[in-house]
Amino acid sequence: MAVTSRTAWLTTDSPTSRRQARLGQLYRQWLAFRRNRLALAGLGIVVALLLIAAFAPLLAPQDPLAQNLPGRLQPPSWQHLFGTDSLGRDIYSRIVYGTRVTLVIVILVVILVGPIGLLIGAASGYLGGWVDRLLMRITDVFLAFPRLVLALAFVAALGPGLENAVIAIAITAWPPYARVARAETLIIRSQDYIAAVRLQGASQWRIVWKHVVPMCLPSLIVRTTLDMAGIILTAAGLGFLGLGAQPPIPEWGAMISAGREQIFDQWWVATFPGLAICIVALGFNLLGDGLRDVMDQR
Amino acid sequence: MTATPAIAVEKLNVFFGDSHVVKDLSFTVSPGESYGIVGESGSGKSTVLRVLAGLNRDWSGAVAILGESQPKLRSKAFYRSSQMVFQDPYGSLHPKKTVDDTLAEPLTIHGLGDAQARIGRAMSDVGLPASFRFRYPHQLSGGQRQRVAIARALVLEPTILLLDEPTSALDVSIQAEVLNLLTSLRHARKLTYILVSHDLAVVAHMCERLLVMQFGAGVEEMTAATLAARAPKTDYARQLLTASEGFRRAG
Amino acid sequence: MSMPVAANANEQPLLELDDLRVDFHTPTGIVNAVRGLSFTLGRERLGIVGESGSGKSMTGRAILDLIPYPGVVSAGRMAYRGQNLLTMDKRSRRKLRGRHISMVMQDPKFSLNPVQTVGTQIAEAYRVHHKASAREARERSLSMLEAVQIREPARVYDLYPHEVSGGMGQRVMIAMMLIAEPEILIADEPTSALDVTVQLQVLKILDDLVTSRGMGLIFISHDLHLVQSFCDRVIVMYGGKAMETLPAAELSDEGARSRRHPYTLGLLGCLPELDRPKGKLATLTRDPAWLA
C-alpha cells in the first residue's frame, strides 16, 4: 500500500509543491534510466566502488602497508587472493584500499573542474564580445597541449604527490568543459525563454546563473562521467611514472608500475590493479552513456 | 489636446549588417488600442516588436512608450509597463522550470511580495487550473503553454502587451481560445496591444487599426473596417487580401 | 493538348485503403495514431484536414512505409492499382516509392542535401528510377525545373539548397518528386512554411500537374480554407479517425450545414473571418463519442 501511494505521489500530473514536482521529475528519469541494462551495470560498478571504499577495513584481510619480505611475490592462493607484491604486501588488500585513493582523485577533480569549466563557458558564451575572446583564447592555450604532457609539466613544477597530481589533472581537464558549456550557451541564449527573462529585467548574472547554467548542467554531468575514465587513467599514468601518489600509498597506477619488472614471471602483480582500473573506467563510461540518454534529451 | 500615445515610433531604422530591415517606420498607438502589424516573412514586422521590447539594441530613430522617450538600454521600470508574448510556446518556456518557477521569477526580480497570491491570480486570469502550478512545460499542451506565457507577461501588471504571432503555432480550435482570452484580458485590464501576424483574419478580428509592411517599410495603415470592406488603397495590401482568400482556379 | 487521362471510369482506383491502423508501442503503453481509416484515391485532389495529433501525417507516411520505430502499420487492405502493398517485400516497396508514389514535405530545408546542388539532386532522383545518361538526366531536370515555373532553370540547377528561397526550395522539391512521374503525390503541408503569395504559386503548380498528368494528389493540411478552395474531396480527421468525407465545395455551402459533422462545424466556427466580424470566437467542444 505504502509503496503504491508513494509511486502515485511521485508520478502525479498535478504536484502540489516544488519539492514534489522536482522529485517526480527525478523519479521519471530514474524509470527511464532503469530500462538501460548496461547503464544499470555501470551504476552498480560505481556504487560498488563507493561501498568498497567505505568498508575497506572490513573487506581487506590484511594491512595494505604491512610488508612481509619472506612471503614476497607469492602467486594467488586462498590466503592471498591476488597474490603478494615484491615487498610481500597482500595485493587484494592494497586494491581494496586503492579504491579510496581513486575516489579522492575523482571527487577532487570533479569539484575543481565542473564549476570552473561551466562558469567560464557559460559566461563566455552568454556575454560574448571581448570576454568571450579572452576566455576562449586562454582555453585554446590549454587545449593546444596533449593532456598528459601538460599534467606532467605541472607535476614536475609542483613536485610529485597525490594532491599535486589532482591539481595538475584539474588544470588540464577544464578546457573541454568550458568549450561544451560555451557551445550549449550559444544555442540557449538565442531561445525565446531567455529573451523572456531579459524582458523581465533580470541582470546578466542572474540570467547566466539561474537560466543558462541549469540547461548546460546535464550535458556537463554526462561529460564528466564519461571523462572519469580518462581522469582515472591519467592519474594512474602519473602514478605509473612515479609522479602521482608516492609509495607506500596503494594507488593502482603506481602498483602496476611497481609490478612491471615482474610482469613476465609474476603476472599477478601488475594484472590485478590493471583490471581494477579497467572495471572502474568501464563502470563510469556505461553510467555516463545511460545518463546521457536520460538527461540530455530535450 | 489629445492624450499621450501609449506607443509612438518615429523614423525607426534597423540594419542587420548590410541589409536594411526596417526603413523609416513611423506609427502611433493610443492607450487601450489594439494595433496590428501585418506582413510576409522578411517584412521586418517582428523586428519592430523586438525593438519596442528592448531586445534589439541596434536601431536609430525615436521610440516613446507612455510618453517617455526610450533609450537603447531599458530601465528596470520599463519592463513593468511592457511585456511580450512569443510565437512558439515550445521555445518560450524554460524546459527545466515549473509553471510556478516561471511565474515567480519576474516577481523576485522586481522584489514584489505576495508571490503566492499573485501567481494564483495570474493563473486563474488566464484560465489555468491551480493543479497545473507545479507542472513542467513538457506536461502541458501547446495552448496551455501559451496561457502560461501570457500569465508570465501579465504577472508584472503591464499596460502594454507586445504579441508576436501568439497563435500561429497553435491549432485553430486552440487559437480561438487564446484569442478570446486575449480579447477579454484587454477589456478587463484596459491593455494596449500590438499584434504582429501574417494572418489577416486574425488581425481583423483582434485589432482596430493595422499597418501593412513589406520589405521593412510601412505600405499602408488602415482601419479594420477598411480591411473587412476589402477596400485597401495600395496594390500590395490588396494582393495580400486576395491571397488570404485561398486558392482560385483560373477559368 | 493535355491528355484526358482521368477519363476511364472502369479503371482501378490508384490507391485503396481499408481499416488503416498505425500504433506506436511506447514504454508507457500503445498509442493509436491512426485507428481504422478507409478511403480510395482516384485521379483527384484529396484533402486530409485535421488538427495536430489527428493522424493525418501518419496516414501519408504509412502509405509510403515511412513510419518510424516503434510504429506498426496494419490494414485490412492497402493497394496501389490493385497491387497489395501489405504483402509486398521491402525492396519492391522501396522501388514503388519515389517512382510511383512520392511525397513532398513541409520544409524543403530539411529534405534537400545541403552539400549537393539542387540540379544534381533532381537528376539523381531521375536516374534512380530510369536508365539514362548524365546528359539526358540533366536535360530532363532542366525541363522539370521549367515545369515548376522556375525562371532561369540553368542558373538554379547549379545553386546549393541554402542559396534558394523557401518558395523556390519547395518548387525544387516538387520538381524532384515529380521527375519520376509518379502516379500519386502525397503533399504533407507543402505550403505551410511559405508566405501566402508564394503559397498560391506553389499550389498552382501542383494543380496544373494534377490536371495535365492525371496524377492523384493527397493534400495533407491543417488549413480548412486552403483545402476547401484547392481540393475536390476532403477527409476531416480527428483522433486518428475520419469524422467525415465530403466534397470540398460543401465546406463553404451554408445550405449543407445541417448535414455536416459537428467537429467539422466546430473547426469552421472557431476561425476568425474577415467578412463577418465576431465578438467572440466559438470554441470547440469535443465529444468523446466521436472516437467511440
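**Entry 1. A hairpin in chain C**

I began with S5(C) and S6(C), which form a hairpin with two residues between them. In the turn I noted Arg81(C), whose phi is positive at about 45 degrees. I record here that the model is a predicted one.

I then looked up how the two strands of the hairpin are joined. S5(C) and S6(C), the latter covering residues 83-84, pair in the antiparallel sense over two bridges. Within this pairing, Asn84(C) of S6(C) stands opposite Ala79(C).

Next I asked which strand S5(C) pairs with over four bridges. It is strand S1 of chain C, residues 15-26, and the sense is antiparallel. S5(C) itself covers residues 77-80. Here Ala79(C) is the bridge partner of Glu16(C). I therefore have Ala79(C) on record with a partner in S6(C) and with Glu16(C) as a bridge partner, given that pairing is counted from bridges found by DSSP.

**Entry 2. The open sheet of chain C**

I turned to the sheet of six strands in chain C. The sheet is open, and its strands follow the order S7-S8-S9-S3-S10-S11. The pairing in this sheet is mixed.

Which strands lie at the edges? I found S7 (101-104) and S11 (241-247) of chain C, each of which pairs on one side only. I also looked up the turn between neighbouring strands of this sheet, which is 20 degrees on average when direction is ignored.

For one pair in the sheet I noted the details. S10 of chain C, residues 233-238, pairs with S11(C) in the antiparallel sense over six bridges. In that pair, Val236(C) has Glu244(C) of S11(C) as its bridge partner. I add a general remark: side chains in a regular strand alternate between the two faces of the sheet.

**Entry 3. Chain C as a whole**

I counted the elements of chain C and recorded eleven helices and eleven strands. The radius of gyration of chain C is 20 Å, close to the 19 Å that the globule rule gives for 292 residues, so chain C is as compact as a globular protein of that length. The C-alpha trace of chain C spans about 60 × 50 × 45 Å along its principal axes.

I then looked up burial and contacts. Of the 292 residues in chain C, 40% are buried. Among contacts in chain C between residues at least 6 apart in sequence, 69% join residues at least 24 apart.

**Entry 4. The two domains of chain C**

The domain assignment divides chain C into domain 1 (15-100 + 184-291) and domain 2 (108-181). Taken over C-alpha atoms, the centres of these two domains are separated by 27 Å. Domain 1 of chain C gives twelve residues to the contact, and domain 2 of chain C gives twelve residues.

Which elements give two or more residues to the side of domain 1 that touches domain 2? I found helix H2 (90-99) and H8 of chain C. H8(C) gives the most to this side, with six residues. By class, the residues of this side of domain 1 divide into nine nonpolar, two polar and one charged.

**Entry 5. Where chain C touches chain B**

I next examined the contact between chains C and B, which takes 29 residues from chain C and 24 residues from chain B. On the side of chain C, the elements that give two or more residues are helix H8 (196-213), helix H9 (224-230) and helix H11 (262-269). This side of chain C has 14 nonpolar, eight polar and seven charged residues. I note that H8(C) is named both here and in the contact between the domains of chain C.

**Entry 6. One residue of chain B**

I chose Gln214(B), found in strand S9 of chain B, residues 209-214. Is Gln214(B) buried or exposed? Gln214(B) counts as buried because it has 20 C-beta neighbours inside 10 Å.

Leaving aside neighbours within four places in sequence, I found Gln214(B) in contact with Gly39(B), Ser43(B), Val219(B) and Tyr236(B). Lys45(B) is 169 residues from Gln214(B) in sequence, yet their C-alpha atoms are 8.7 Å apart in space.

**Entry 7. The domains of chain A**

Finally I looked up chain A, where the assignment gives domain 1 (1-35) and domain 2 (37-295). The C-alpha centres of the two domains lie 32 Å apart. Four residues of domain 1 of chain A are in contact with five residues of domain 2 of chain A. On the domain 1 side, the residues divide into two nonpolar, one polar and one charged.

Conventions:
Residues are numbered from 1 along each chain as its sequence is written. Chains are lettered from A and ligands numbered from 1 in the order in which they are written. This is a predicted model: local features need pLDDT of at least 70, side-chain atom pairs count only at pLDDT 80 or more; totals for chains, interfaces and linings use all residues. Two residues are in contact if their C-beta atoms, placed from the backbone, lie within 7 Å. Ala, Val, Leu, Ile, Met, Phe, Trp, Tyr, Cys and Pro count as nonpolar, Asp, Glu, Lys and Arg as charged, and the others, Gly among them, as polar. The radius of gyration is taken over C-alpha atoms; the globule rule is 2.2 Å times the number of residues to the power 0.38. A residue is buried if 20 or more other C-beta atoms lie within 10 Å of its own, exposed if 12 or fewer, and partly exposed in between; C-beta atoms are placed from the backbone. Domain bounds come from an automatic or database domain assignment. Axes are lines fitted to C-alpha atoms, for helices over the stretch in contact, and angles run from 0 to 180 degrees between N-to-C directions.
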